[in-house]
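Student: I've got a protein model open and I'd like to zoom in on one part of it. Could you walk me through it slowly?

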Amino acid sequence: MAEQMPPKKQKKKGCGTILLVLLLLVLLICGGLLLWVRGEIAGKAGGETVTVEIPQGASTAGIANRLEEAGVIGNSTVFRLYSKLVAKADGSYQYGTFELARSSSYDAVILALQQTAHYEETVTVTFPEGYNAFQMGDVLEEAGLCTREEFIQAINTHDFQVDFWEEIGKDPLKIVRLEGYLFPDTYEFYADEDVDSIITRILNNFEAKVLTDERRKEIDASGYTLDQLVTLAAIVQKESFEQEEMATVASVFVNRLQPDSPVPRLESDTTGNYIQDYLLPYLGGEASEEQLNFYDSYAVAGIPGGCIANPGLDAIDAVLNPAETNYYYFVTDIEYTYYYGVTWQDHLNNIAKAKAVNLEHGKVGL
């Protein structure tokens with residue numbers, strides 16, 4: 001009987017083919033998705049015109065949902081990403097009634113929504129850098145837009161649809177919840193605009209101007225929370241008479257925050273001024289020691305929990321990019337000259353110099 005040979009093993013030809021097919025499918029899907037997104041952004045000409053109502057204070061997400069429902073765009077998520085990352089248009093949209101074509105290009109929609117939809121009376125107000133919420137409330141009240149009390153109550157009790165909302169600290173010791181996030185700038189509001197719409201526009205402007213992709217990277221690298229950043233920047237803002245001094249002023253406070261610092265408290269008089277001039281009057285003179293210490297840079301080590309003002313971009317960038325110094329002290333004279341020191345003795349000598357300059361101008365002391 002002849003010996004039977006074992007059957008030859010079949011080569012596995014199918015595995016490579018399957019992988020190749022899967023790879024091609026993935027490439028086709030990605031390519032198709034890219035083409036769809038490009039087509040969605042580009043839109044189509046000649047679509048039917050529809051009426052879209054954008055309410056006061058609507059967020060980009062709310063606007064995108066209304067546009068999708070009306071058929072003006074095909075996908076609200078893609079529109080939100082395009083508005084924020086490509087067009088940089090968040091915070092610039094107007095409210096009112098708009099006539100828009102279905103399947104419009106995103107650029108055409110954004111341009112249309114940035115135009116005033118109706119000709120109502122407007123009021124222009126300017127909030128200087130370093131103004132606190134109470135001062136901003138006074139500006140709005142003087143402009144006839146709302147009362148200071150309505151403004152403060154809204155920023156303390158109302159919720160707002162902005163992407164960074166969850167990053168805003170909600171500690172119960174906070175007396176003015178949105179202090180630090182009310183971006184100082186010139187705004188044009190409608191005469192009949194409600195207080196929530198006003199605040200939403202201010203917060204959207206903070207997001208658009210402050211929370212850029214580049215600055216987000218710097219914030220992440222700094223280790224500061226958003227609350228800590230605006231709180232420290234507000235102190236730098238109030239302590240700086242000139243923009244040119246901000247980076248050096250910031251270096252003094254940043255040096256004090258280091259683990260080996262001989263001066264672990266910021267000790268800025270601006271926090272005490274805020275407590276005395278604004279918080280105590282607002283609270284009717286009744287505040288717990290814990291509440292006041294939450295804001296007092298003499299009472300606590302490190303950055304206080306409560307913010308005292310609304311800083312501009314220069315102060316924020318100074319905190320993120322302070323000058324490289326070994327200073328722990330500074331003092332200014334009546335001519336706004338800054339004297340920086342490394343040691344307490346340096347500081348005492350600088351105080352004497354500043355007092356001498358002040359005395360020449362008829363001022364005793366600092």
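Student: Which helices each supply at least two residues of the lining of the largest cavity? Please take a close look at that cavity and what lies around it.

Tutor: Happy to, and keep in mind that this is a predicted model. The helices you're after are α2 (60–70) and α7 (195–210), each giving at least two residues to the lining of the largest cavity. Of these, α7 makes the largest share, with four residues.

Let's set the scene before going in. The protein has 366 residues, and 43% of them are buried. Its secondary structure comes to 14 helices and six strands. If you take contacts between residues at least 6 apart in sequence, 64% join residues at least 24 apart. As for the outside, the accessible surface is about 19700 Å², with 53% of that belonging to carbon and sulfur atoms.

Now for the inside. There are two cavities of 30 Å³ or more, and the largest has a volume of about 150 Å³. Its lining is made of 19 residues, and those nearest the centre are Gly57, Ala58, Tyr93, Arg201 and Asn204. Sort the lining by class and you get seven nonpolar, ten polar and two charged residues.

Arg201 is a good one to click on. You'll find arginine 201 in helix α7, the helix with the largest share of the lining. Is arginine 201 buried or exposed? Its relative accessible area is 17%, and buried means under 20%, so arginine 201 counts as buried. Look past its neighbours within four places in sequence, and arginine 201 is in contact with Gln94, Tyr187, Glu188, Phe189, Tyr190 and Glu193.

Stay with α7 for a moment, since it also leads us to another helix. The buried residues of α5 pack against α7, and also against β3 (122–126), α6 (148–157), β4 (186–190) and α11. Helix α5 covers residues 133–142, and seven of its ten residues are buried, so the rest of the structure largely encloses it. Those buried residues are Ala133, Phe134, Gln135, Met136, Gly137, Val139 and Leu140. Check both ends of α5, too. At the N-terminal end, asparagine 132 acts as a cap, with a side-chain oxygen 3.0 Å from the backbone nitrogen of phenylalanine 134. Just after the helix, glycine 144 has a positive phi of about 80°.

One of the packing partners of α5 was α11, and that takes us to serine 261. This serine sits in the loop between α10 (246–256) and α11 (269–282). Serine 261 has a relative accessible area of 12%, so it is buried even though it belongs to a loop. A polar atom of its side chain lies 3.2 Å from the backbone oxygen of arginine 256. Setting aside residues up to four places away in sequence, serine 261 touches Asn255, Arg256 and Tyr328.

To finish, let's visit the other cavity. The second largest cavity has a volume of about 50 Å³. Its lining includes Lys174, Glu179, Asp227, Tyr295 and Cys307. By class, that lining holds five nonpolar, three polar and three charged residues. So when you go back to the picture, start at α7, which gives four residues to the lining of the largest cavity, and then follow the contacts of arginine 201, such as Gln94 and Tyr187.

Notes:
Residues numbered from 1 in each chain as written. Predicted model: local features only at pLDDT ≥ 70, side-chain atom pairs only at ≥ 80, totals over all residues. Heavy atoms only, no water. Buried < 20%, exposed > 50% of the residue type's maximum accessible area, 1.4 Å probe, protein only. Polar contact = N/O pair within 3.5 Å; in protein donor to acceptor, adjacent residues only side chain to side chain. Contact = heavy atoms within 4.5 Å. Areas by Shrake-Rupley, 256 points an atom, 1.4 Å probe, with all protein chains shown as cover. 1 Å grid on protein atoms, 1.4 Å probe; cavity = no way out; pocket = protein on both sides within 12 Å on 5 of 7 lines; lining within 4 Å. Points joined across faces, edges and corners; volume = space filled by probe spheres on them. Nonpolar A, V, L, I, M, F, W, Y, C, P; charged D, E, K, R; others polar.
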